[in-house]
Amino acid sequence: MQAKILIVEDERDIVELLRYNLQEAGFKTDYVRNGADALQRAIEEPPDLILLDLMLPEVDGLIVCRLLKSDSRTKHVPIVMLTAKREEEDRIRGLEHGADDYIPKPFSPREVVLRVAAVLRRLKVGRETEETQKIRTHGLTIDLDKHQVQTEDETIELTATEFKLLTLFARSPGRVFTREILMDVIWGQEYYGIDRTVDTHVSRLRRKLGDLGRHIETVHGVGYRFREV
Ligand code: CA
């Protein structure tokens, strides 16, 4: 079955460029030109992924992203944001508002196609592993029922926090997690710590994983990600 991509962008040239390339790559496409239509379309005809421009008339792309991610009818739909501004801050804000990935403009259509395919692929992997309650990746087996992590020849003892971090990373290889998101997920909204807390836990986790610890990569100035397979 072809995956359907909903493009949310007001610039017609860019819409046409995206549609052409996505269709060539075997995706179905749909498009709307503003945030209000995006919300309505996503509810009425749920797409498999939303390609959302940051710069939209009336309602800003970040707000659209937050609304989509807070509505139970649309929150499961992955979002890839197109960010016109090159500033790091905008990208981080996109991720904080729940986007699954971002692509800075100007982009190559090929890059968009590859990123879209990668997000869809990693979500599919995530769903399959949820059923079996085990995540297998990079030579690690994470047993979610038993709270156990194993390599080929040993069991690794992790604290509850380290286990949470590793599970989060391993569920979304390639996704960048900011320190703020990690603090939210691990300690909840109530926590007002400093960034170093996250760094400390991540470096301990890396050490315990030994050789495999290299798969947790530092994204300079942003946070961490688990290397894609
Ligand atoms: Ca735009």
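This report describes the main nonpolar core, one aromatic pair and one strand crossover of a predicted model.

Local features require pLDDT of at least 70 and side-chain atom pairs count only at pLDDT 80 or more, whereas totals for chains, interfaces and linings use all residues of this predicted model. Residues are numbered from 1 along each chain as its sequence is written, and side-chain values use heavy atoms, leaving out hydrogens and water.

The largest nonpolar core (buried Ala, Val, Leu, Ile, Met, Phe, Trp, Tyr and Cys residues joined through side-chain atoms within 4.5 Å) has 26 residues. Leu 166 and Phe 169 have the most contacts inside this core. At least two core residues come from each of β7 (140-143), α6 (160-171), α7 (179-187), α8 (196-209) and β12 (223-226); α6 supplies the largest share, six residues. Helices (H or I, at least four residues) and strands (E, at least two) are DSSP runs, numbered from the N terminus.

Not counting residues up to four places away in sequence, Phe 169 touches (heavy atoms within 4.5 Å) Phe 177, Leu 182, Val 202, Ile 216, Tyr 224 and Phe 226. One aromatic pair (ring centres within 6.5 Å; stacked under 30 degrees, edge-to-face over 60, the rest tilted) is found in the whole structure. Phe 169 and Phe 177 form this edge-to-face pair, at 5.8 Å centre to centre and 65° between the planes. Both residues are buried (under 20% relative accessible area with a 1.4 Å probe, protein chains only; exposed over 50%, partly exposed in between), as tabulated.

| Residue | Relative accessible area |
|---|---|
| Phe 169 | 0% |
| Phe 177 | 3% |

Elsewhere, strands β1 (residues 4-8) and β2 (residues 28-32) pair (at least two DSSP bridges) in the parallel sense over five bridges. Helix α1 (residues 12-24) lies on the path from β1 to β2, and this β-α-β crossover is right-handed (clockwise from the first strand over the helix to the second, with the strands pointing away from the viewer).

Methods: Rings of Phe, Tyr and Trp (its six-membered ring) pair if their centres lie within 6.5 Å; planes under 30 degrees apart count as stacked, over 60 as edge-to-face and the rest as tilted.
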